[in-house]
Amino acid sequence: MTGPREPTVVGVANFNAAEDAAALRAAMKGFGTDEQAIIDILTTRSNAQRQEISKAFTREYGRDLIEDLKSELGGHFEDVIVALMLPPEEYLCKELNKCMEGLGTDESVLIEILCTRTKKEIADIVQAYERLYDRPLAEHMCSETSGDFRRLLTLIVTRSPQGARDEEAGVDPARAAECAQQLYDAGEAKWGTDEEVFNKILAHESFAQLRLIFEEYKNIAGRTIEQAIKSEVDGELKDAYSAIVECVESSAAWFAGRLRHAMQGLGTDDTTLIRIIVSRSEIDLQAIKREYERIYDKTLESEIRGETSGDYKRALVALLGPA
């Protein structure tokens with residue numbers, strides 16, 4: 001998205017799935033569990049390596065590694081470890097499903113997962129969702145959301161070439177100027193806002209192209225697109241637009257803000273904390289750590305240490321990598 005990949009977890013060089021499987025089996029067998037061994041292995045392997053360990057575990061012992069881990073671990077520590085063991089798109093599908101099931105929908109989770117990801121990541125999620133839940137993600141989302149917010153999310157997850165975000169195409173300055181003018185005409189230049197135009201442009205254009213559009217917008221309107229959105233739109237639609245705009249500027253800064261929010265106030269939003277640390281660990285967690293410290297003048301590690309405890313804390317801190 002913005003800048004090069006800056007993971008904190010890159011996997012290990014001399015990887016041996018069978019050896020890791022044996023070490024995990026030993027950590028769970030007999031009396032008591034060696035949690036530290038589980039942390040040391042699973043927080044340093046890449047997700048692809050963890051999938052290999054899982055296969056080796058079943059091959060060698062005829063057992064399901066995730067089921068074994070679940071029966072040995074508990075609480076938020078178990079949540080972290082299980083999140084690490086799932087393929088990334090399956091984990092995010094589970095989180096999407098969870099935020100829509102039951103009473104009410106947690107729109108902030110829909111925004112966090114769907115408004116901040118590339119076309120390829122969205123396509124993987126959409127495919128996995130239908131496989132796991134036997135219904136299209138778009139259909140489930142439509143039954144849980146409404147209005148322009150629903151239309152925006154539907155445009156993001158639609159897989160037609162016109163539908164999803166186009167990341168591969170190069171940037172087109174002429175089209176950027178045209179889109180910026182359309183946004184201006186649909187918002188500040190008229191009474192009320194034409195959300196359809198905003199939805200189409202913010203859902204379809206690549207992050208690189210959006211960056212150009214937002215620069216052009218500033219030239220035309222004399223103020224930033226963020227300022228326009230804050231004054232023109234409200235509710236979850238505003239949050240969704242803002243997430244896209246902020247991720248175009250710096251996804252690391254946006255995720256840092258989301259982590260901060262999860263740890264502020266009464267109690268910690270552990271689900272969000274775990275989801276961001278795990279799902280960004282192989283993408284840009286290094287950059288998120290840096291932005292966190294720049295914006296809040298505290299290290300992410302010190303904040304997490306203050307909000308968590310025990311094996312749960314050790315697992316999250318391990319995923320943050322060296323300071």
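How many positive and negative side chains does the chain have, and how far apart do the centres of the two sets lie? I counted 39 positive and 59 negative side chains, with the two centres 2 Å apart. Lys and Arg count as positive, Asp and Glu as negative; His and the chain ends are left out. I placed each charge at NZ of Lys, CZ of Arg, CG of Asp or CD of Glu.

Ground rules next. This is a predicted model, where local features need pLDDT of at least 70, side-chain atom pairs count only at pLDDT 80 or more, and totals for chains, interfaces and linings use all residues. Numbering runs from 1 along each chain as its sequence is written, and side-chain values use heavy atoms, without hydrogens and water.

I looked up secondary structure: 19 helices and 0 strands (DSSP runs, H or I of at least four residues, E of at least two, numbered from the N terminus). The radius of gyration, over C-alpha atoms, is 21 Å; the globule rule (2.2 Å times the number of residues to the power 0.38) gives 20 Å for 323 residues, so the chain is as compact as a globular protein of that length.

Then the interior. I found 48% of the 323 residues buried (under 20% relative accessible area, 1.4 Å probe, protein chains only). The largest nonpolar core (buried Ala, Val, Leu, Ile, Met, Phe, Trp, Tyr and Cys joined through side-chain atoms within 4.5 Å) has 98 residues. Helix H15 (residues 235-263) gives the largest share, 14 residues. Leu 42, Leu 137 and Ile 277 have the most contacts inside this core. I followed Ile 277: beyond four places in sequence, its contacts (heavy atoms within 4.5 Å) include Leu 259, Leu 300 and Ile 304.

Definitions and conventions:
Buried means under 20% relative accessible area, exposed over 50%, partly exposed in between (1.4 Å probe, protein chains only).
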